[in-house]
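This report goes through some features of a protein model, from its surface to its interior. Please keep the sequence and the structure at hand while reading.

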Amino acid sequence: MPDDTAGTDLTVLGNVDKITDGRLADYYAYPDDLQRCWVRGNMISSLDGGATEDGKSGGLGGPGDRAVFNLMRHTADVILMGAATVRIENYSGVQLTVAQRQERQRRGQAEVPPIAVVTASADLEHDAKFFTRTEVAPLIFTATKTVGEARHRLGTVAEVLDASGADPTRVDPAVALRILAERKLFRVLTEGGPQLLSLLIEQDLLDELCLTVAPILVGGVARRIATGPGQAHTRMRPSHLLTDDDGYLYTRYVRG
């Protein structure tokens with residue numbers, strides 16, 4: 001039998017360059033001249049593969065991860081996430097500085113990107129921070145079966161959209177992306193949760209994954225970054241690998 005390891009070249013990674021003078025944004029630039037949605041996933045996991053600590057992803061993060069998180073939100077046209085993540089993390093709308101807003105304007109983007117939530121049930125609390133602490137009305141992608149009731153209940157605080165495909169009880173992520181593309185919201189950033197990320201992977205809709213690996217072991221029953229019944233085999237190529245003094249690894253893999 002052939003030896004698959006023969007001739008394998010391994011590279012020792014080291015501190016070969018420091019990112020200074022605002023160059024970090026270059027490492028997370030979206031492709032130019034997009035005519036369709038480019039979907040970027042941003043997730044964090046522990047060394048042993050857990051996506052959460054005590055049920056939340058925020059417990060795994062550090063200053064560097066928060067800086068990268070904020071940068072990716074700053075460059076996106078829209079933030080796509082699942083309803084469970086909005087509830088668990090108690091998200092509000094995107095908060096940006098004056099300088100970031102001005103830079104977005106120079107790029108031809110809206111000052112603040114909206115958050116779009118995928119939820120078949122539209123079971124969201126009317127007084128959640130997601131609705132009350134935001135400058136831009138969220139987008140709610142829900143199913144045909146529930147869109148009427150959801151518009152009646154949430155229509156004053158969000159834009160509720162029917163994003164079902166063939167199944168009127170489910171949200172089809174491909175339909176949601178088509179709606180975003182029609183609005184020229186091409187730079188899509190998804191922050192999960194695991195079920196939404198799994199759906200995007202299963203349907204071959206994820207273009208890249210930015211995964212922060214925290215130097216932490218969590219054990220227990222923490223979920224993976226993608227959780228769902230479907231499986232896929234999508235080859236990704238590394239775009240970059242960064243680190244900081246706290247030992248976090250910041251990876252970016254692009255479909256290819």
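In which strand is the place of leucine 249? Leucine 249 belongs to strand S9, which covers residues 249-255; the model in which this is seen is a predicted one.

## Surface residues

Leucine 249 has a relative accessible area of 34%, and because this lies between the 20% below which a residue is buried and the 50% above which it is exposed, leucine 249 counts as partly exposed. Together with Leu13 and Leu241, Leu249 forms a nonpolar patch on the surface, and the accessible area of these residues together is about 280 Å².

Glutamine 102, which is found in helix H4 (residues 98-106), is likewise described as partly exposed, its relative accessibility being 40%. Between the C-alpha atoms of glutamine 102 and glycine 62, which are 40 residues apart along the chain, the separation is 27 Å.

## Helix H2

Helix H2 runs over residues 63-75, and its 13 residues, taken at 1.5 Å a residue, should span 18 Å; the C-alpha atoms at its ends are 19 Å apart, which agrees with that expectation. The buried residues of H2 are Asp65, Val68, Leu71, Met72, Arg73, His74 and Thr75, a list in which charged side chains such as Asp65 and Arg73 appear beside nonpolar ones such as Val68 and Leu71.

## Nonpolar cores

The largest nonpolar core holds 39 residues, and within this core the residues with the most contacts are Tyr28, Val117, Phe130, Phe131 and Ile140. At least two residues of this core come from each of several elements, among them strand S1 (38-45), H2, strand S2 (78-82), helix H3 (83-89), helix H6 (147-154) and S9. A second core, separate from this one, has 30 residues and includes Val78, Leu185, Leu211 and Val213.

## Isoleucine 140 and threonine 119

When neighbours within four places in sequence are left aside, isoleucine 140 is in contact with Val117, Thr119, Leu124, Phe130, Phe131, Ala158, Glu159, Val160 and Leu161. Threonine 119, one of these partners, sits in the loop between S3 and H5, and threonine 119 counts as buried because its relative accessibility is 4%, which is under 20%.

Although threonine 119 and isoleucine 140 are 21 residues apart in sequence, their C-alpha atoms are 7.2 Å apart in space. With the neighbours within four places again left aside, the contacts of threonine 119 include Ala83, Leu124, Ile140, Phe141, Thr142, Ala143 and Val171, and Leu124 is thus listed for isoleucine 140 as well as for threonine 119.

How values were computed:
Residues numbered from 1 in each chain as written. Predicted model: local features only at pLDDT ≥ 70, side-chain atom pairs only at ≥ 80, totals over all residues. Heavy atoms only, no water. Helix = DSSP H or I, 4+ residues; strand = E, 2+ residues; numbered from the N terminus. Buried < 20%, exposed > 50% of the residue type's maximum accessible area, 1.4 Å probe, protein only. Patch = residues over 30% accessible without salt bridge, like charges linked within 9 Å, V, L, I, M, F, W, Y side chains within 5 Å. Areas by Shrake-Rupley, 256 points an atom, 1.4 Å probe, with all protein chains shown as cover. Salt bridge = Lys/Arg side-chain N within 4 Å of Asp/Glu carboxyl O. Expected span 1.5 Å × (residues − 1). Core = buried A, V, L, I, M, F, W, Y, C linked by side-chain atoms within 4.5 Å. Contact = heavy atoms within 4.5 Å.
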